[in-house]
Amino acid sequence: MSEVGLEIPDKFNVAVELVDKNLELGRGKKVAIYYRDQALTYEDVYRAVNKTGNALKNLGVDLEDRVLLLLLDCPEFAASFFGAIKIGAVPIPTNTLLKSKDYLYLLNDSRAKVALVSEPLVPLIEEIRSELRYLKHLVVVGTAGPDQLSYRELVAGASEDLEPADTSKDDAAFWLYSSGTTGFPKGAVHLHHDMLVASELYAKGILNIKEDDITFSVAKLFFAYGLGNGLYFPFRVGASTVLHPERPDPKGIYEVISRTKPTLFFCVPTAYAAMLQAADSIPGVDMSSIRLCVSAGEALPKAIFDAWQKKFNLIILDGIGSTECLHIFISNRPDDIKAGSSGKPVPGYAAKIVDPEGREVPDGEIGTLMVKGDSIAAYYWNKHEKSKETFHGPWINTGDKYFKDPDGYFWYVGRGDDMLKAGGIWVSPVEVENTIMEHPAVLECGVIGAVDHDNLEKPKAYIVLKDGFQASEELAVDIQKYVKGRIAHYKYPRWVEFVGQLPKTATGKTMRYVLRQLNQQ
Ligand code: 3UK
């Protein structure tokens, strides 16, 4: 018996639990996935999972081999994710918003043998193909070109029967990469039991998800947040999910909601703010199907909670989760909300706020948030020092600064490191700084998170120019364009401020906290 009261046997394959079991429970004809004009039943998904698992086996994928998924939200995502897990391989859902050089790192660091890639993203991989040391096969979901394999053809030739690999509950099931301050992402290794724990504690415990729910997540499946919302939560209870491969702009989101009638809506603060702003200019918005809205990724400002409630008479449940913890571990509840706070620990998880010596601080005092629970990743792949800093026995250091009020609600106050978020997605200041520094006019720079008119964080750059260059609006725009062309679009600085010098430590390191203070004045 694990701490959460879930009976998980030692021999255990989570793909069986999340896919096959729905057939055993008589849900074969139920819709699992709505995708464009298609509705796929659990039987359809089961067959696709088995065929994809066999197709991967036929390519030589073995137990413990990594398989990189660079896929837009689509049924093939579900088939490859669970197909790989079912054969004991380890899928790695990967951020589709990155650039070629990011994929070069991820493919070489993970040593994935096979990558399954949506056709529009294939050029990004081809650009670095000659530098990939371990990739043997590039499988295209869509039309395959020379030296590429067609997913459709591989699957068409594969058997529908697949015995699950003889995995244990503590085998690696999948990895998720999480960005670090230096810009090199860390692969968090998640085990076969983790998705069951998150489903039990958060999806059932807090959302009370049921078979007749329909989920729609604006956060894509490659995020830990989206993966639960849009895939394993609904699959755990035989509910349906709406998958939407397009970029989520407010108009598109409202259109999907009005057409597909989800009951559970998952989003991030930036997109809630954008939806509110666009609401009145979009005709025919129908939100009547939604019973609950969820927000995570960054703190939800009270103003957005209030405006949403006023506009749609719906509450937004804010909760904090992380890639390492897999999903949300502190959350508001439908009947217990303090807007602006992250809520209280989800039953089954424990949370404490500690000082630098690891002692719990009194209520109202700020400290570092530590969390305990059975969905936490085992370690970071090939990053032993980082693993030791983060994983402390059953506890994990979230890196977040929090305080607890006398009523027991947890309040986010900031990060303990210099990492920041843009639209709920990690941005490393070092990576943005290094990119800006390659611009011919820039001598040095410092990047911090600043807040926009919705009180949401976005990157801001303080820049010292080289001699002979003049600060101007045009130069600021040029630097922004320069960054957008080189690293993922969401990382570019929304504000550029030219300064004479940067605050430095005795050893020459930029003091980003001084820049943060400067920004608040
Ligand atoms: C921050 C929040 C305040 C916080 C995630 C839900 O965001 C997720 O995972 P990431 O690894 O980032 C984790 C970090 O993001 N954060 C997330 N949610 C909140 N800060 N209020 C919040 N509600 O710094 C945390 O350490 O990208 C969210 C489910 C699964 C997830 N992986």
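In the predicted model, Cys267 has Ser295 of strand β13 as its bridge partner. This pair belongs to the parallel association of strand β12 (residues 264–267) with strand β13 (residues 292–295), which are joined by 4 bridges. Both strands are part of an open sheet of 9 strands, in which the order is β2-β1-β11-β10-β12-β13-β14-β15-β16 and the pairing is mixed. The edges of this sheet are occupied by β2 (38–41) and β16 (344–345), each of which has a single partner strand, so that one side of each is left without a neighbour in the sheet. Helix α9 (residues 250–260) lies across β10 (214–217), β11 (240–243) and β12, and its direction makes an angle of about 175° with that of β10.

A further open sheet is built from 5 strands in the order β4-β3-β5-β6-β7, and here the pairing is parallel. Its edge strands, β4 (90–93) and β7 (149–150), each pair on one side only. Strand β3 (residues 66–70) is paired with β4 in the parallel sense through 4 bridges, and within this pairing Leu68 is found opposite Ile92 of β4. Helix α4 (residues 100–110) lies across β3, β4 and β5 (114–118), running at about 160° to β3.

Two helix pairs were examined for their packing geometry. In one of them, the axes of helix α1 (residues 14–24) and helix α3 (residues 75–86) come within 8 Å and cross at roughly 130°; the two helices are therefore oblique to each other, and the passage of α1 by α3 is a left-handed crossing. On the α1 side the contact is made by Val14, Ala15, Leu18, Val19 and Asp20, which meet Phe82, Ile85 and Lys86 of α3. Classified by residue type, this contact of α1 with α3 comprises 6 nonpolar and 2 charged residues, with no polar residues.

In the other pair, helix α7 (residues 194–204) packs against helix α8 (residues 224–237) at an angle of about 80°, and their axes are 10 Å apart. This angle makes α7 roughly perpendicular to α8, given that values from 65 to 115 degrees are assigned to that class. The residues contributed by α7 are Met195, Leu196, Ala198, Ser199, Glu200, Tyr202, Ala203 and Lys204, and those they meet in α8 are Tyr232, Phe233, Arg236 and Val237. The contact of α7 with α8 divides by class into 8 nonpolar residues, 1 polar residue and 3 charged residues.

With regard to domain organisation, the domain assignment of the protein chain gives domain 1, which covers 13–18 together with 38–192, and domain 2, which covers 422–520. The centres of domain 1 and domain 2, taken over C-alpha atoms, are separated by 35 Å. The contact of these two domains takes 12 residues from domain 1 and 12 residues from domain 2.

Methods:
Residues numbered from 1 in each chain as written. Predicted model: local features only at pLDDT ≥ 70, side-chain atom pairs only at ≥ 80, totals over all residues. Heavy atoms only, no water. Axes fitted to C-alpha atoms, helices over the stretch in contact; angles between N-to-C directions. Parallel < 35°, antiparallel > 145°, perpendicular 65-115°, else oblique. Left-handed = near helix turned anticlockwise from the far one by under 90°. Contact = heavy atoms within 4.5 Å. Nonpolar A, V, L, I, M, F, W, Y, C, P; charged D, E, K, R; others polar. Pairing = 2+ DSSP bridges. Domains from an automatic or database assignment.
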